[in-house]
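The following briefing sets out the packing, the strand pairing and the local contacts of one chain, grouped by topic. Please read it with the coordinates open.

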Amino acid sequence: MHYKEYKTILSAKNGLNLFRGCTHGCIYCDSRSECYQINHKFEDIEVKANALEIFERELQRRRNPCMIGTGAMTDPYIQLEPRLKITRGALELIDKYEFGVAIQTKSSRILRDLDLLKSINQKTKAVVEMTLTTYDEELCKILEPHVSTTKERFETLLKFKEAGVPTVVWLSPILPFINDSEKNLRGILDYCIQAGVKGILCFGFGVTMRAGNREYFYQQLDRHFPGMKKKYIYAFGENYVCNSPNNDQLMEIFIETCQKHGILWKTDEVFGYLHEFEDKREQLSLF
């Protein structure tokens, strides 16, 4: 890891990224793409120096509380976090200044901060976003090797359900010819139903590839799925969006299941929920 000086840490849309780079090793990771200009080895995590001091100043400047989103580029619970405790520090500030948070991860390490997320959710809104892509545990360990398995993430979702903290699942990406099966989809959806998730984000069944992440993805295909790279090149060429040939069938199952169980599935509705700030403080004062 290394530190780098930054002047700001919150984006114009209240996005928070405390780290750059990742050590989870997911073979499809879009954050490896050259367009994000990570000019260091991807696994050499760049930590934003004085991140919490900068973050506190920026929260103080916000006139009205809002939802803070984190985890879109780098998982806030990478392997360094238990030692650095920067994510926990950020949640403590969000709790202190009574903002809301939507935090995205693939790690059960988030359970360490269950107390803070409950506190935030009592006053405003805390939403835990968990990525689930692969129901098969052994396949999951290949596609997402250095992170909690899907079953462990499901068990984490159950803990947040018990705590009354709402959850959203990212069903993305689904890799053509690898995990784009009805069995995989139904397994993940069953987990979502049991966990009582508020919504599921699904952008179609497939994967995106561009300069940077394509090369790494193909290296991993050669390593774990001999012959699959050739199949991808033949099917998709240099396309950015690589949709599964099973997309239409899987989408029908996805929509039907979500509608049956009252789960938000339209992307604009799910994002609307994630971005909508709630103020519960007046309700608390009545008790």
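**Nonpolar cores**

Not counting residues up to four places away in sequence, Leu-117 touches Leu-91, Val-101, Ile-103, Ile-110, Ala-126, Val-128, Phe-160 and Val-165. These contacts come from a predicted model. The points below start from the core in which Leu-117 is one of the residues that touch the most other members, and then turn to the sheets and to one buried threonine.

- The largest nonpolar core holds 37 residues, and those touching the most other members are Phe-55, Ile-68, Leu-91 and Leu-117.
- Two or more residues of this core come from each of helix H1 (51–61), H3, E6, helix H4 (114–123) and E7, with H3 giving the most, namely five residues.
- Another core lies apart from this one and has 23 residues, including Leu-189, Cys-192, Ile-253 and Ile-263.
- In soluble globular proteins, nonpolar side chains tend to be buried together.

**The six-stranded sheet**

- An open sheet is built from six strands with parallel pairing, and the order across the sheet is E2-E5-E6-E7-E8-E9; its edge strands, each pairing on one side only, are E2 (15–16) and E9 (199–201).
- At the E2 edge, strand E2 runs parallel to strand E5 (residues 67–70) and is joined to E5 by two bridges, with Leu-16 standing opposite Thr-70.
- Strands E7 and E8 run parallel and are joined by four bridges, and Glu-129 has Val-168 in E8 as its bridge partner.
- Strand E8 also pairs with E9 in the parallel sense, over three bridges, and here Val-169 is opposite Ile-200 of E9.
- Thr-167 and Val-169 point one way from E8, while Val-168 and Trp-170 point the other way, and all of these residues are buried. In a regular strand the side chains alternate between the two faces of the sheet.

**Helices across the sheet**

- Helix H3 (residues 86–96) lies across E2, E5 and strand E6 (100–105), and runs at about 160° to E6.
- Helix H6 (residues 150–163) lies across strands E7 (126–131) and E8 (167–170), and its direction makes an angle of about 165° with E7.

**The three-stranded sheet**

- Three strands in the order E1-E4-E3 make up an open sheet with mixed pairing, and the edge strands, which each pair on one side only, are E1 (2–4) and E3 (19–20).
- Strand E3 pairs with strand E4 (residues 46–48) in the antiparallel sense over two bridges, and Phe-19 stands opposite Val-47 in E4.

**A buried threonine**

- Thr-74 is located in the loop between E5 and helix H2 (81–84), and Thr-74 counts as buried because its relative accessibility is 5%, where the cut-off is under 20%.
- Leaving aside neighbours within four places in sequence, Thr-74 is in contact with Asn-17, Phe-19, Arg-20 and Gly-21.
- A polar atom of the Thr-74 side chain lies 3.3 Å from the backbone oxygen of Phe-19, and the Thr-74 side chain also reaches the backbone oxygen of Gly-21, at 3.1 Å.

**Annotated region**

- An unreviewed UniProt entry carries the annotation "domain: Radical SAM core" for residues 17–182.
- Over residues 17–182 the chain is 35% helix and 15% strand, and the C-alpha atoms at the two ends are 34 Å apart.

Notes: Residues numbered from 1 in each chain as written. Predicted model: local features only at pLDDT ≥ 70, side-chain atom pairs only at ≥ 80, totals over all residues. Heavy atoms only, no water. UniProt positions renumbered as here; feature names shortened; annotations may be inferred. Pairing = 2+ DSSP bridges. Contact = heavy atoms within 4.5 Å. Axes fitted to C-alpha atoms, helices over the stretch in contact; angles between N-to-C directions. Buried < 20%, exposed > 50% of the residue type's maximum accessible area, 1.4 Å probe, protein only. Polar contact = N/O pair within 3.5 Å; in protein donor to acceptor, adjacent residues only side chain to side chain. Core = buried A, V, L, I, M, F, W, Y, C linked by side-chain atoms within 4.5 Å.
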